[in-house]
Every structure is written in structure tokens, then in C-alpha cells.
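Let us walk through this structure step by step, beginning with a single residue and moving outward from there.

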Amino acid sequence: MNDFESIFAALRSLYARHEPSCVLLVDTPIEYSLGTHEVRAKDNYRTWFGAVQIKNSYVSAHVYPVYTDPELLGDVSDALKQRMQGKSCFNFKKPDVDLFEELGRLIDRGAARYHAQGRI
């Protein structure tokens with residue numbers, strides 16, 4: 001038995017507080033994703049803000065502002081960095097309130113950055 005549903009719910013709430021500023025792209029029991037208001041003219045690609053997905057062996061949290069502005073990771077703890085896969089994805093197999101709070105602060109900083117850039 002895993003805790004993926006509770007992890008998903010906790011992580012989803014970190015993004016949901018930014019939903020009024022973003023574009024809701026997907027909201028299902030296993031995926032929640034938000035996009036920005038920025039759409040490229042050449043191919044209609046919408047820049048993403050963030051997403052949470054239940055995978056087979058973990059729950060992933062994508063923080064796209066980190067991909068475009070990696071300096072947002074400057075004060076991220078080693079414990080959270082150990083959860084990173086790639087440039088902007090964090091994976092969780094077990095609930096961790098402290099890491100979720102830290103991730104929430106990172107998401108909030110990313111939202112502030114995207115807001116200042118006029119993306120959300």
C-alpha cells in the first residue's frame with residue numbers, strides 16, 4: 001500500500017493556490033497541471049507553470065519556473081534537491097511535510113517570478 005493519493009492531494013494544494021492566476025490544463029485524480037497565459041504565436045505552445053502526477057512508483061511535482069529560472073534553486077535544501085529528477089521535477093514516494101512546505105515556498109517564488117514577467 002502506498003501513500004500516493006495523499007501525496008498527490010498535498011502537492012496539488014501547493015499549486016491550486018495559484019490556479020486563479022494560471023490556466024487550468026488538467027484536473028483528474030492522477031494529474032493536475034497549470035499553464036501560463038503565455039502562448040507562442042508560431043506553434044500555439046502554452047508555457048506550463050506546474051504539474052503534479054501520480055506515476056507507477058512515485059508522485060512527481062513539476063516546477064517549470066525552475067527550468068526557465070534555475071537561480072530559484074539557490075536556497076533549496078539538499079534534502080529537496082535529492083528529490084530532483086531533471087531540471088524541474090521532484091519525485092516523492094512518501095509524505096514529508098517539511099519538504100512539501102519547502103516545495104510550496106519554491107512554487108510561490110516561481111509564481112512571483114512568472115507574475116513579474118507577465119506570464120501569469
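Tyr114 lies in helix α4 of what is, it should be said at once, a predicted model. The relative accessible area of Tyr114 is 0%, and because anything under 20% counts as buried, Tyr114 is classed as buried. Not counting residues up to four places away in sequence, Tyr114 touches a list of residues that includes Thr36, Thr47, Trp48, Phe49, Tyr64 and Pro65. With Phe49, the chain separation is 65 residues, yet the C-alpha atoms of Tyr114 and Phe49 are separated by 8.3 Å. Thr68 is also touched by Tyr114, and here the two side chains are joined by a polar contact of 3.2 Å.

Another residue touched by Tyr114 is Arg119, which is placed in the segment after α4. Arg119 is buried as well, with a relative accessible area of 18%, and, once its neighbours within four places in sequence are left aside, Arg119 is in contact with Thr36, His37, Glu38, Thr47, Thr68 and Tyr114.

From here we can turn to the nonpolar core. In soluble globular proteins, nonpolar side chains tend to be buried together. The largest nonpolar core in this model has 32 residues, and among those with the most contacts inside it are Phe49, Phe92 and Leu106. At least two residues of this core are supplied by each of α1, β2, β3, β4, α2, β6 and α4, with the largest share, 7 residues, coming from α4. Leu106, leaving aside its neighbours within four places in sequence, is in contact with Val63, Val66, Leu72, Leu73, Val76 and Phe90.

Methods:
Residues numbered from 1 in each chain as written. Predicted model: local features only at pLDDT ≥ 70, side-chain atom pairs only at ≥ 80, totals over all residues. Heavy atoms only, no water. Core = buried A, V, L, I, M, F, W, Y, C linked by side-chain atoms within 4.5 Å. Buried < 20%, exposed > 50% of the residue type's maximum accessible area, 1.4 Å probe, protein only. Helix = DSSP H or I, 4+ residues; strand = E, 2+ residues; numbered from the N terminus. Contact = heavy atoms within 4.5 Å. Polar contact = N/O pair within 3.5 Å; in protein donor to acceptor, adjacent residues only side chain to side chain.
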